[in-house]
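Reader: I'm new to reading protein structures, and I'd like a close look at how helices pack against each other. Could you take me through one part slowly and then show me what surrounds it?

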Amino acid sequence: MNLYKKYGYVIFLAFLVLAPLNFVFGILAIMCMIAPIMLSIFGKGRFWCGNFCPRGNFYDNILSKISKGKKSPEFFRSTMFRVFMVLFVIGVFTSGVIKNWGDVSGIGFVFYRIILITSIVAVALGIIFNERIWCNFCPMGSIAGFIAKLRGRNTGIEVKNTCVSCNLCAKKCPMGLKPSEFKGGLIDSTQCISCKKCTFSCPKDSLSMKIK
């Protein structure tokens, strides 16, 4: 797991290089669309986003080195904008698949095009604000978060009652959350990606990952 945390982004870079050589490879992107939703259905929240997503790993290990580290604007974190992004991206994707139905390479290109364009947007905004800003309104991440809110979750960051609300953890959260607001339970926000960055900054050891 620690090795993947350091080098998981290689999968993302390999995808960007291999897919143009044969767009059939583009279909592999479906794994990153289905996985976060499946984990969320089984009560894991957005655990995929903060721990297994290859592109998220790229943000943490590469983009973070050139990002200004500013808090994401509230607009990008708003439910209205997130719902718009879900409908817009899924609409564009569905339209592309229908137009290329029966053409495996064409469908693969649809996957690749979406990943490429959204990655360019993510990097541009990530440099200006913070490395994980795309995750605030990522369509698949948002869907997983909304499912987790409705379904409930059994895995995530637990905030113990020993929390003194010093908010040191909030300064480390790439999603702009204040863990102290969830004292006495799991951080059940649709934004939490269970990346564990907050747990490393707590002087009271009041934050820990609960996995079931």
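Author: Happy to! Let's begin with a term: an angle between helix axes counts as roughly parallel under 35 degrees, as roughly antiparallel over 145, as roughly perpendicular from 65 to 115, and as oblique otherwise. Please keep in mind that this is a predicted model.

Now look at helix 7 (residues 79-99) and helix 10 (residues 139-151), which pack at an angle of about 125 degrees. That angle falls in none of the named ranges, so helix 7 and helix 10 are oblique to each other. Their axes lie 9 Å apart, and the crossing of the two is left-handed. On the side of helix 7, the residues that meet helix 10 are Arg-82, Val-83, Met-85, Val-86, Val-89 and Ile-90. Helix 10 answers with Pro-139, Met-140, Ser-142, Ile-143 and Phe-146. Sorted by character, the residues of this contact are nine nonpolar, one polar and one charged.

Helix 10 has another partner to look at. Its axis and that of helix 3 (residues 30-41) come within 8 Å and cross at roughly 10 degrees. Because of that angle, helix 3 is roughly parallel to helix 10. From helix 3, the contact uses Met-33, Pro-36, Ile-37, Ser-40 and Ile-41. From helix 10, it uses Met-140, Ile-143, Ala-144, Ile-147, Ala-148 and Arg-151. Here, too, the division is nine nonpolar, one polar and one charged. If you compare the two lists for helix 10, you will find Met-140 and Ile-143 in the contact with helix 7 and again in the contact with helix 3.

Ile-37 is a good residue to zoom in on. This member of helix 3 is in contact with Met-140, Ile-143, Ala-144 and Ile-147, leaving aside its neighbours within four places in sequence. The C-alpha atoms of Ile-37 and Ile-147 are separated by 7.7 Å, although the two residues are 110 residues apart along the chain.

For another angle, turn to helix 2 (residues 9-18) and helix 5 (residues 54-61), whose axes come within 7 Å and cross at roughly 115 degrees. Helix 2 and helix 5 are therefore roughly perpendicular to each other, and their crossing is left-handed. Tyr-9, Ile-11, Phe-12 and Leu-13 of helix 2 make this contact with Pro-54, Arg-55, Asn-57, Phe-58 and Asn-61 of helix 5. This time the residues divide into six nonpolar, two polar and one charged.

Two residues of helix 5's contact with helix 2 lead us onward. Phe-58 touches Val-123, a residue of helix 8 (residues 104-128). Val-123 counts as partly exposed because its relative accessibility is 27%. Asn-57, in turn, is among the residues touched by Arg-132, which sits in the loop between helix 8 and helix 9 (133-137). Arg-132 has a relative accessibility of 1%, so it counts as buried. Its side chain makes a polar contact with the side chain of Asp-60, at 2.8 Å. Other residues touched by Arg-132 include Cys-49, Gly-50 and Met-175.

One last stop is helix 4 (residues 47-51), where you will find Asn-51. Asn-51 is buried because its relative accessibility is 3%. A polar atom of its side chain lies 3.0 Å from the backbone oxygen of Phe-47.

Conventions. Residues numbered from 1 in each chain as written. Predicted model: local features only at pLDDT ≥ 70, side-chain atom pairs only at ≥ 80, totals over all residues. Heavy atoms only, no water. Helix = DSSP H or I, 4+ residues; strand = E, 2+ residues; numbered from the N terminus. Buried < 20%, exposed > 50% of the residue type's maximum accessible area, 1.4 Å probe, protein only. Polar contact = N/O pair within 3.5 Å; in protein donor to acceptor, adjacent residues only side chain to side chain. Axes fitted to C-alpha atoms, helices over the stretch in contact; angles between N-to-C directions. Left-handed = near helix turned anticlockwise from the far one by under 90°. Contact = heavy atoms within 4.5 Å. Nonpolar A, V, L, I, M, F, W, Y, C, P; charged D, E, K, R; others polar.
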